[in-house]
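Hi everyone, thanks for coming along. I'd like to walk you through one structure today, and I'll stop for a few questions on the way.

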Amino acid sequence: MTADTLAAPRSPEVRRRGVNLEKWGWIYMRVSGVLLIVLIFGHLFVNLMVGDGIHAIDFAFVAGKFASPFWQWWDVAMLWLALIHGANGMRTIVNDYVANKTARTVLVWALWVSAGLLILLGTLVVFTFDPCIPNLSDGSVLFEYCNAN
Ligand code: HEM
């Protein structure tokens with residue numbers, strides 16, 4: 001192994017570090033992939049096909065979904081699993097194609113920092129979302145709902 005290449009996943013060098021992160025990363029990609037199939041297709045089915053399907057999607061539809069802890073957790077699970085899956089997949093691609101060690105370190109850090117920020121922002125949006133903004137107009141579909149609550 002030269003200074004610029006990565007140690008093989010099963011080399012003693014990687015194993016000596018204790019937890020084999022490459023192995024857990026490999027397992028994570030498979031497990032999250034299976035969970036994402038259920039979550040993504042469930043999401044598409046409920047949003048695009050049930051009832052009026054795509055024609056029912058508006059601000060009130062989203063507000064209705066975010067009012068339910070079930071859909072909040074569904075969406076947050078999709079967000080976390082997909083972003084960590086996507087970032088780890090991109091890390092693999094970066095490790096495969098970027099030969100320079102410094103560039104590789106910078107890119108992999110940028111991937112985890114951006115995934116972390118998006119996870120933080122997305123989670124905050126899902127759990128703090130409040131559709132009842134001040135001064136809702138009379139014509140708003142949310143007017144009755146917000147004034148009743
Ligand atoms: C339907 C759900 C999904 C399934 C079943 C799935 C499955 C997988 C599996 C098994 C791998 C590993 C492939 C390998 O190691 O050779 C992988 C890699 C990858 N996935 Fe997913 N994935 C899904 C959704 C996503 C999503 C939503 C994203 C983006 C956020 C994504 C981005 C990636 C990337 C960038 C890689 C790395 C590709 C590579 O190594 O060449 N995947 N996916």
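Let's start with a warm-up: in which helix does R104 lie? The answer is helix 5, which covers residues 101–128. Before we go on, please keep in mind that what you see is a predicted model.

Let's stay with R104 for a moment. Is R104 buried or exposed? R104 is buried, because its relative accessible area is 7%, and the cut-off for buried is under 20%. And what does R104 touch? If we leave aside its neighbours within four places in sequence, R104 is in contact with D4, T5, L6, V94, N95, V98 and A99.

Right next along the chain we have T105, also a residue of helix 5. T105 has a relative accessibility of 39%, so it counts as partly exposed; that class runs between 20% and 50%. Take N95 as a landmark here: T105 and N95 are 10 residues apart along the chain, and their C-alpha atoms are separated by 9.2 Å.

Now, on to the ligand. Which residues surround the ligand? Please find them on the screen with me: M29, R30, G33, L36, I37, A82, H85, G86, G89, M90, T92 and I93. The elements that give two or more residues to this shell are helix 2, residues 21–48, and helix 4, residues 69–97. Helix 4 provides the largest share, with seven residues. If we sort the shell by class, we get six nonpolar, five polar and one charged residues.

Two side chains in that shell deserve a second look. For H85, an N or O atom of the side chain is 2.8 Å from a nitrogen atom of the ligand. For R30, an N or O atom of the side chain is 3.4 Å from an oxygen atom of the ligand. R30 has another partner too: its charged end sits over the ring of W26, 4.1 Å from the ring's centre.

That brings us to the aromatic rings. How many aromatic pairs does the structure hold? There are six. A quick word on how we talk about them: a pair of aromatic rings is described by the distance of the centres and the angle of the planes.

One of the pairs is F70 with W71, and this pair is edge-to-face, with 5.0 Å centre to centre and 85° between the planes. W71 also pairs with W74, and here the arrangement is tilted: 5.1 Å centre to centre, with 55° between the planes. Where do W71 and W74 lie? Both are in helix 4, three residues apart, which is about one turn of the helix. Both of these tryptophans are buried. For W71 the relative accessible area is 18%, so it falls in the buried class. There is a charged neighbour as well: K65 lies over the face of W71, at 4.4 Å from the ring centre. Elsewhere among the aromatics, F59, F66 and F129 form one cluster.

F66 leads us to Q72, a residue found in helix 4. A polar atom of the Q72 side chain lies 3.1 Å from the backbone oxygen of F66. Is Q72 buried or exposed? With a relative accessibility of 14%, Q72 counts as buried. Not counting residues up to four places away in sequence, Q72 touches K65, F66, V126 and F127.

Let's move along helix 4 to L79, which is also found there. L79 is partly exposed, with a relative accessible area of 22%. Which residues does L79 touch, not counting those up to four places away in sequence? They are L118, I119, G122 and T123. L79 and L118 are 39 residues apart in sequence, and 8.7 Å apart in space from C-alpha to C-alpha.

One last stop in helix 4, and that is Y97. Y97 has a relative accessible area of 69%, so it is exposed; the cut-off for that is over 50%. How far apart are Y97 and F45 in space? They are 37 Å apart, C-alpha to C-alpha, and 52 residues apart in sequence.

That's the tour, everyone. Thanks for listening, and feel free to ask me about any stop along the way.

Key: Residues are numbered from 1 along each chain as its sequence is written. This is a predicted model: local features need pLDDT of at least 70, side-chain atom pairs count only at pLDDT 80 or more; totals for chains, interfaces and linings use all residues. Side-chain values use heavy atoms; hydrogens and water are left out. A residue is near a molecule or strand if one of its heavy atoms lies within 4 Å of it. A polar contact is a pair of N or O atoms within 3.5 Å; within protein, one must be able to donate a hydrogen and the other to accept it, and residues adjacent in sequence count only if both atoms are side-chain atoms. Helices (H or I, at least four residues) and strands (E, at least two) are DSSP runs, numbered from the N terminus. Ala, Val, Leu, Ile, Met, Phe, Trp, Tyr, Cys and Pro count as nonpolar, Asp, Glu, Lys and Arg as charged, and the others, Gly among them, as polar. Rings of Phe, Tyr and Trp (its six-membered ring) pair if their centres lie within 6.5 Å; planes under 30 degrees apart count as stacked, over 60 as edge-to-face and the rest as tilted. Buried means under 20% relative accessible area, exposed over 50%, partly exposed in between (1.4 Å probe, protein chains only). A charge sits over a ring if NZ of Lys or CZ of Arg is within 6 Å of the ring centre and within 35 degrees of the ring normal. Contact means heavy atoms within 4.5 Å.
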